[in-house]
Amino acid sequence: MARRAKTPVSFDVELSALPPELRWREWMGRVEAVIFASPAPVSREVLAKVVGRDCSLDHLIDDIRAELRGRPYELVAVAGGWQHRTRKNFAEAIQVATGLGTTETKPLSPSEALVLLCIGYFQPITRGELSQFFGREISRDVIGHLRGLGFIAAGPRAPQPGAPYTYVTTKGFLAHFGFDTLRDLPDMEALEDAGLLSKDRLLAGDIPLGLMAGDTDEEDELGEEAVADEEN
């Protein structure tokens, strides 16, 4: 005889029996707990499952952030969600205590960083279009390395002869470089107006790599292995 599954206990998201202040505190605790327990950024849709319909998640997040001021970690908006991250000024202490972040890895080369930046701005884009943009062939090894690091993925096939794959950036790209959405990428026109970026500099491969690192002054360490490209 098959065992009947237990009826799940009802989860009270409204907390209508609690006074407003206690209800708000409980929602704050739930949201922070869910974010803390997740290894990846948590979306608004996920967090909405643990709070009431009249709860403003934006205001709730603001209150959590306010409570974390002065703590060694913070709540950041990244890759379309929220995530706990250790503050940068404690990176050295973490390395000394645990060794995390001390393993030598292969960083992005200038050419790889440049290709990644262009995919970010012009996606979806094919390898052939990238090669035309730079006036030289972009190798499969470069694409494979960026894919292996989880920064780009195959997009829709292009409406061109042979229907080649296009490439797009991933949530891993956003999370690694501290962007919430692609709208947070530096505005190209503003960079040109400020004299920091120009088409000639792009074609020459001369671009400040700091543009790929958000506000951080530290060099990002990336993975070691390249993976095979799936392009036809």
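Helices here are DSSP runs of H or I with at least four residues, numbered from the N terminus. Keep that in mind as we walk through this predicted model, starting ahead of its α1 helix.

**Before the helices begin**

Leu15 sits in the segment before α1, a helix that spans 20–37. Its backbone is a little unusual to look at: Leu15 is not a glycine, yet it has a positive phi of about 55 degrees. Is Leu15 buried or exposed? With 9% relative accessibility, Leu15 falls under the 20% cut-off, so it counts as buried.

**Two helix pairs**

Two packed helices are described by the angle between their axes and the distance between the axes. Here is how two such pairs look.

| Helix pair | Axes come within | Crossing angle |
|---|---|---|
| α1 and α3 (residues 57–67) | 10 Å | roughly 80 degrees |
| α5 and α6 (residues 127–134) | 11 Å | roughly 110 degrees |

Angles of 65 to 115 degrees count as roughly perpendicular, so α1 and α3 are roughly perpendicular to each other. Which residues of α1 and α3 meet? On the α1 side they are Trp24, Arg25, Trp27, Met28, Val31, Glu32 and Ile35, and on the α3 side Leu57, His59, Leu60, Ile61, Asp63, Ile64 and Glu67. Sorted by class, this α1 and α3 contact holds nine nonpolar residues, one polar and four charged.

The other pair, α5 and α6, is roughly perpendicular too. In this case α5 passes α6 in a right-handed crossing. From α5, the contact takes in Leu114, Val115, Cys118, Ile119 and Phe122, while α6 supplies Leu130, Phe133 and Phe134. What classes of residue make up the contact of α5 with α6? It has eight nonpolar residues, with no polar and no charged ones.

**From α5 into the sheet**

Follow the chain out of α5 (110–122) and you reach Pro124, in the loop between α5 and β4. The peptide bond leading into Pro124 from Gln123 is cis, with omega near -5 degrees.

Now for the sheet itself. Three strands form an open, antiparallel sheet in the order β4-β6-β5. The edges are β4 and β5, each of which pairs on one side only.

Where does β6 connect to β4 (residues 125–126)? Two bridges join these antiparallel strands. Ile125 is the bridge partner of Tyr167 in β6, and Thr126 has Thr166 of β6 as its partner. With β5 (residues 152–157), β6 shares four bridges, and the two strands again run antiparallel. Here Ile152 stands opposite Thr169 of β6.

Strand β6 covers residues 165–169, and five of its five residues are buried. Which way do they point? Tyr165, Tyr167 and Thr169 point one way, and Thr166 and Val168 the other way.

Helix α7 (residues 140–148) lies across β5 and β6, running at about 115 degrees to β5.

**A last stop between β5 and β6**

The loop between β5 and β6 holds Ala163. Ala163 is another residue other than glycine with a positive phi, near 45 degrees. Ala163 has a relative accessible area of 27%, and is therefore partly exposed.

Definitions and conventions
Residues are numbered from 1 along each chain as its sequence is written. This is a predicted model: local features need pLDDT of at least 70, side-chain atom pairs count only at pLDDT 80 or more; totals for chains, interfaces and linings use all residues. Side-chain values use heavy atoms; hydrogens and water are left out. Buried means under 20% relative accessible area, exposed over 50%, partly exposed in between (1.4 Å probe, protein chains only). Two strands pair if DSSP finds at least two bridges between them. Axes are lines fitted to C-alpha atoms, for helices over the stretch in contact, and angles run from 0 to 180 degrees between N-to-C directions. Angles under 35 degrees count as roughly parallel, over 145 as roughly antiparallel, 65 to 115 as roughly perpendicular and the rest as oblique. Contact means heavy atoms within 4.5 Å. Ala, Val, Leu, Ile, Met, Phe, Trp, Tyr, Cys and Pro count as nonpolar, Asp, Glu, Lys and Arg as charged, and the others, Gly among them, as polar. A crossing is left-handed if the near helix is turned anticlockwise from the far one by less than a right angle, and right-handed if clockwise.
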